[in-house]
Amino acid sequence: MSTLELRSVEKSFDHTKVIHGVNLEVKQGEFVVFVGPSGCGKSTLLRMIAGLDEPSAGDLLIEGQRVNDIGAADRGCAMVFQSYALYPHMTVYDNMAFGLENARVPRPEIERKVQEAATLLQLAPLLQRKPTQLSGGQRQRVAIGRAIVRNPKIFLFDEPLSNLDAELRVSMRGELRELHQRLSATMIYVTHDQVEAMTMADKIVVLRAGRIEQVGTPQALYDTPDNVFVAGFIGSPR
Ligand code: ADP
Ligand code: MG
């Protein structure tokens, strides 16, 4: 059984189709990267998986169950955005605890989960700070921490590093890969950056204009691109 399955998923906005019959399977523990140029539909796909947007046609399955009619809060996906979306007036601790408090998780369990995530992300000494007192990388870690405490079936990342400077971006790529290993989590990571895709992915999904062009390991896409678009985009010499 796949952790996630998309069957002939389509999406239209105002009669314009932006996602065309996407079929995809993601296995437990995979780090899958959706890559493609701006406007190709990466965020739209991620939002549909998260339950923030509805497919116009097709089925979404999580752990074998059809989730089209299940709301975002009950799908078991946690999304991390480029813009962090932290609450500016709350401490780091409260930012991470907020979702759990809303879900009426008992306080000792919240404390344990936040502490665990903070330790994992090297945020433990910063729990009483406000987001404005953090660096960009630290803010992004808080956003990731907020996802971790929810113990999601699937982590969804929408270009989470694109606001960071080049050096930090490279180190955060490594941190995220390490986190993936330690949590044995299923992660879907969206980027328009081929280098990011090639260095991070177990499996790359190349998108173009709302369609999947090719799915494969970084090595397979590099060695045997299916077409000129994939070859050009991935930067293969062919
Ligand atoms: P990406 O994340 O790959 O840059 P998006 O998924 O954001 O691409 O967008 C895919 C296409 O869908 C684009 O043409 C975009 O303009 C369109 N689109 C996305 N969201 C909406 C919306 N809420 N209303 C209308 N069109 C949208
Ligand atoms: Mg996008």
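Two residues are in contact here if their C-beta atoms, placed from the backbone, lie within 7 Å, and that is the sense in which the word "touches" is used at each stop of this tour.

**Before selecting anything**

The structure on screen is a predicted model, with an average pLDDT of 94 along the chain and 99% of the residues scoring at least 70. The scores for the model as a whole are ipTM 0.98 and pTM 0.94. If you would like a frame for the tour, select residues 4–234, which an unreviewed UniProt entry lists as "domain: ABC transporter". Across that span, 37% is helix and 27% is strand, and the C-alpha atoms at its two ends lie 25 Å apart.

**Stop 1: Val33 and the nonpolar core**

Select Val33, which belongs to the largest nonpolar core, a set of 62 residues in which Val33, Ile49, Leu156 and Ile188 touch the most other members. Once residues up to four places away in sequence are set aside, Val33 touches Tyr189, Thr191, Ala197, Met200, Ala201, Ile204 and Val205. Adding those residues to the selection shows how a position early in the numbering meets a stretch running from Tyr189 to Val205.

**Stop 2: ligand 1 and helix H1**

Next, centre the view on ligand 1 and display the residues around it, namely Phe13, Val18, Gly36, Ser38, Gly39, Cys40, Gly41, Lys42, Ser43 and Thr44. Sorted by class, this shell consists of 3 nonpolar, 6 polar and 1 charged residues. Its largest share, 3 residues, is supplied by helix H1, which covers residues 42–50.

Stay with H1 and colour Lys42, Thr44, Leu45, Leu46, Met48 and Ile49, which are buried. Of these, Lys42 and Thr44 are also part of the shell around ligand 1, while Ile49 is one of the core residues named at the previous stop. Just after the helix, look at Gly51, where phi is positive at about 95°.

**Stop 3: two loops with positive phi**

Move to Asp14, in the loop that joins strand S1 (4–13) to strand S2 (16–26). Its phi is near 50°, a positive value in a residue other than glycine. Is Asp14 buried or exposed? Asp14 is exposed, because 5 other C-beta atoms lie within 10 Å.

Then select Ala209, which sits in the loop between strand S9 (203–208) and strand S10 (211–216). Ala209 is not a glycine either, yet its phi is positive, at about 50°. With 15 C-beta neighbours inside 10 Å, Ala209 counts as partly exposed.

**Stop 4: His20 in strand S2**

Strand S2 also holds His20, which counts as partly exposed because it has 15 C-beta neighbours inside 10 Å. Which residues does His20 contact, leaving aside its neighbours within four places in sequence? They are Glu10, Gly210 and Arg211. For a distance to check in the viewer, take the C-alpha atoms of His20 and Val35, which are 15 residues apart along the chain and are separated by 16 Å.

**Stop 5: Ala117 and Val149**

Select Ala117, in helix H3 (residues 107–120), and then Val149, in the loop between helix H4 (136–148) and strand S7 (154–158). Ala117 is buried, as 22 other C-beta atoms lie within 10 Å, and Val149 likewise counts as buried, with 23 C-beta neighbours inside 10 Å.

Beyond the residues up to four places away in sequence, Ala117 touches Met96, Gly145, Ile148 and Val149. Under the same exclusion, Val149 touches Met96, Leu100, Lys113, Val114 and Ala117, and Met96 therefore appears in both lists, as a contact of Ala117 and of Val149. Two C-alpha to C-alpha distances can be drawn here: Ala117 and Ile144, 27 residues apart in sequence, are 8.9 Å apart in space, and Val149 and Glu109, 40 residues apart in sequence, are 10.0 Å apart in space.

**Stop 6: Leu176 in helix H5**

Finish with Leu176, in helix H5 (residues 166–183). Having 23 C-beta neighbours inside 10 Å, Leu176 counts as buried. A last distance runs from Leu176 to Met187, which are 11 residues apart in sequence and 9.8 Å apart in space, C-alpha to C-alpha.

Key: Residues are numbered from 1 along each chain as its sequence is written. Chains are lettered from A and ligands numbered from 1 in the order in which they are written. This is a predicted model: local features need pLDDT of at least 70, side-chain atom pairs count only at pLDDT 80 or more; totals for chains, interfaces and linings use all residues. A residue is near a molecule or strand if its C-beta atom, placed from the backbone, lies within 6 Å of it. Helices (H or I, at least four residues) and strands (E, at least two) are DSSP runs, numbered from the N terminus. Ala, Val, Leu, Ile, Met, Phe, Trp, Tyr, Cys and Pro count as nonpolar, Asp, Glu, Lys and Arg as charged, and the others, Gly among them, as polar. A residue is buried if 20 or more other C-beta atoms lie within 10 Å of its own, exposed if 12 or fewer, and partly exposed in between; C-beta atoms are placed from the backbone. A nonpolar core is a set of buried Ala, Val, Leu, Ile, Met, Phe, Trp, Tyr and Cys residues joined through C-beta atoms within 7 Å. UniProt positions are given in the numbering used here, feature names are shortened, and annotations may be inferred rather than shown by experiment. pLDDT is the predictor's confidence in each residue, from 0 to 100.
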